[in-house]
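User: Please examine the structure shown below and answer my questions about it in turn.

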Amino acid sequence: MSEAPHGPLQSYVDKWLAVQPQQRVALVFVDPHRHAGHIALAALEQELLAAAYGIREPQVAAVKLNWWAEELAGAAQGGGRHPLTQVLFDDERAQALPAELWLAPVRAAIAQLEAGTAADFGAQLVAAEPLHGALAALETAWWFGIDADPRRAGRVAVLAHLCHALRRLQDDAERDRLPLPMARLARFGLSRADLRATGEARAEALRAQLGDLAAAWREAMALAGPLGMFRTLEARESIRLAKAAARAGDPLATLQRGLPGSGFGLTLAAWRAARRWRRSEG
């Protein structure tokens, strides 16, 4: 068992943990010296997602993502300038992966910057797949090898994103891309202004969205392919949070509050995920 990494990597790991605090438990089972690249990859994914979804001006986001594209394209030869790419490309796993696996998530992130609100839940899945599927493909190849099947990880990543996006429902009410699809808004008679205010229609729309997510989770977990340790815990906590929110009087408040960050169940899940991962390594 080990503590989280220190040094230049730490500030980026901290940003990842701020979004996924449950991963602090996972880090207990990951040696930061032997598997620094596993941690750096998770932090890199968070950097790309923060640029794709967290920067409101598409032109500014595109500049940052294009910088990452150049950084990742040149890292195989020069080792990179960023602390994350330096850690990643110091690992022999990075050299074994095709360049396209590194670049695909960045290209997908740029392509979706000006996307609008999806028509329905199915369209949301389709719209999120290129970016989150590309991240999952990179992650699966890193953890399990280039021949590992990324389908389950890709769908899990999409669903975790759609669940997390609901937390920003109020903040994103004026953005072009809303966390609820157009069909959901129309069915419950919701305007953008209604998304910012507590009300029964908003709560029912969220429960309907969470119901579709629950059904999609069940289908996703039956797909082929392994899940990395961090993705396993993300899936577990997203499913638990979605269930808790669906039962709550105010689903949005429950989503925003989140679940307790530790406990025996989470520790046991992390231990089991670590055991499966180590067995896969031989």
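Analyst: A contact, or touch, means heavy atoms within 4.5 Å. This is a predicted model, in which local features need pLDDT of at least 70, side-chain atom pairs count only at pLDDT 80 or more, and totals for chains, interfaces and linings use all residues. Residues are numbered from 1 along each chain as its sequence is written, and side-chain values use heavy atoms, with hydrogens and water left out.

User: Which residues does Arg 184 touch, not counting residues up to four places away in sequence?

Analyst: Arg 184 belongs to helix 10, residues 182–187; helices (H or I, at least four residues) and strands (E, at least two) are DSSP runs, numbered from the N terminus. Its C-alpha lies 8.3 Å from that of Phe 121, although 63 residues separate the two in sequence. Beyond four places in sequence, the residues that Arg 184 touches are Phe 121, Ala 205, Ala 208, Gln 209 and Asp 212.

User: Is Arg 184 buried or exposed?

Analyst: Buried means under 20% relative accessible area, exposed over 50%, and partly exposed in between (1.4 Å probe, protein chains only). Arg 184 has a relative accessible area of 10%, so it is buried.

User: How many helices and strands are there in the protein, and what is its radius of gyration?

Analyst: The protein has 15 helices and 0 strands. The radius of gyration is taken over C-alpha atoms, and the globule rule is 2.2 Å times the number of residues to the power 0.38. For 282 residues that rule gives 19 Å, and the protein is close to this, so it is as compact as a globular protein of that length, with a radius of gyration of 19 Å.

User: What percentage of the contacts with a separation of 6 or more is between residues 24 or more positions apart?

Analyst: The C-alpha atoms fill a box of roughly 55 × 45 × 35 Å along the principal axes, and buried residues make up 50% of the 282 residues. Among contacts with a separation of 6 or more, the share from residues 24 or more positions apart is 73%.

User: Which helix gives the most residues to the largest nonpolar core?

Analyst: A nonpolar core is a set of buried Ala, Val, Leu, Ile, Met, Phe, Trp, Tyr and Cys residues joined through side-chain atoms within 4.5 Å. The largest has 54 residues, of which Leu 44, Trp 102, Met 229 and Phe 230 touch the most other members. With 10 residues, the helix that gives the most to this core is helix 3, residues 36–54.

User: Which tryptophan does Trp 102 touch?

Analyst: Leaving out residues up to four places away in sequence, Trp 102 touches several leucines, including Leu 41, Leu 44 and Leu 72. Its other partners include Phe 89, Ala 94 and the tryptophan asked for, Trp 142.

User: Where is Lys 64, and which residues is it in contact with beyond four places in sequence?

Analyst: Lys 64 lies in helix 4, residues 58–78, and is partly exposed because its relative accessibility is 34%. The C-alpha atoms of Lys 64 and Gln 10 are 21 Å apart, with these positions 54 residues apart along the chain. Apart from neighbours within four places, the contacts of Lys 64 are Glu 47, Ala 51 and Ile 55.

User: What is the relative accessible area of Glu 219?

Analyst: Glu 219 is found in helix 12, residues 200–220. Its C-alpha is 9.8 Å from that of Val 156, which is 63 residues away in sequence. Glu 219 counts as exposed because its relative accessible area is 55%.
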